[in-house]
Structures are given as structure tokens and as C-alpha cells.
Amino acid sequence: MSEVLYRKWRPQRFSEVMGQEAITRTLRNSVASERGLAHAYLFSGPRGTGKTTLGRLLAKVANCGGPSDGEPCNLCVSCTAFNEGRAMDFIEQDAASHNSVDDIRQLRENVVLTPMAGGKKVYLLDEVHMLSKGAENALLKTLEEPPD
Ligand SMILES: [Zn+2]
């Protein structure tokens, strides 16, 4: 039951995210711009303000076959996979419980592998502030020199 409600009320478009108009406008403009999205984003703010939701939406629109006005179409093969929780190139990791250098080393080994669905591979590191100092440094190298 809670799973059903969770899915039902999870925003599927940026315009459905409440109270974050400035950031959703910025992200939609980036999607629609010629430069496109950056290779990394850091969302910060209090609990419950939509950071993880925005990260998931960003991953979806980055792989959408036909985004419109910076929004995911929610109809293409990729959007459908995201909406059904089976997008192969979207890796959501809880950095609080995977906060060691070895965890990030594993991520760094996988990040260079070609996306399976031919789009963009997206890593969402939830609670990234919980990484150990060593893990932070290991992650920094990938952020500074991202693979294609
Ligand atoms: Zn789509």
C-alpha cells in the first residue's frame, strides 16, 4: 500500500515538484539549452525538500528520447523504464551505508563502463555528505575527470 502511494505521488515531471520553482526552471533550461546538462550536480538543503526527487527526474530527462520544454516525455522507452524502476543505467546509491574508499573505488571502476541502454549512465549518491574523507577524495577525481 505505501509503495503504491509512494509511486502515485512521486513527481514525474519537474512542474510537479512543489516549492522548488527556481531550481526546476534552471534545470529545465539546462536540458533545453544547447550546452545541455553538466556532468555533475550537487543538491543541498534540509530534509524533505526534494533533493532525491530532483536527482531522479534529472536522471530520467537526461536519458529521455524526446524531452519537451526541459521535461521528460514519460512516454519513451527510457522514461517508461525509469517510471517502472528498471532503468539499467541509473544507479542510486546510499552513500551513508556505502561511504568507504572501497565503495567509491567500485563506483569508479563501473563508471567507465558503457551505458547498457545507449544513453547516459547516471549515479545518484544519496546522503553524499556521509562519505568518509578518503571516499570524498576518491570521488573528487571522478568528478574532476569524468569519463565520456
Ligand atoms: Zn522520455
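On helix α2, A22 and N29 are exposed, meaning that 12 or fewer other C-beta atoms, placed from the backbone, lie within 10 Å of their own. On the other side, T24, L27, R28 and V31 are buried (20 or more such atoms; partly exposed lies in between). These four cover an arc of only 100 degrees around the axis, so they sit on the same side of α2. The arc is taken from the directions from the helix axis to the C-beta atoms. An α-helix has 3.6 residues a turn, so residues three or four places apart point the same way. The cover over the buried residues of α2 includes α3 (51-63); contact means C-beta atoms within 7 Å.

This is a predicted model: local features need pLDDT of at least 70, side-chain atom pairs count only at pLDDT 80 or more, and totals for chains, interfaces and linings use all residues. Residues are numbered from 1 along each chain as its sequence is written.

The chain has six helices and two strands. These are DSSP runs numbered from the N terminus: helices are H or I with at least four residues, strands are E with at least two. Their order is α-α-α-α-β-α-β-α.

| Element | Residues |
|---|---|
| β1 | residues 90-94 |
| α5 | residues 101-111 |
| β2 | residues 122-126 |

Strands β1 and β2 run parallel, joined by five bridges; pairing needs at least two DSSP bridges. E92 has L124 in β2 as its bridge partner. With α5 between them in the unit, β1 and β2 form a right-handed β-α-β: with the strands pointing away from the viewer, the path from the first strand over the helix to the second runs clockwise.

Of the 148 residues, 24% count as buried.

Methods: Contact = placed C-beta atoms within 7 Å.
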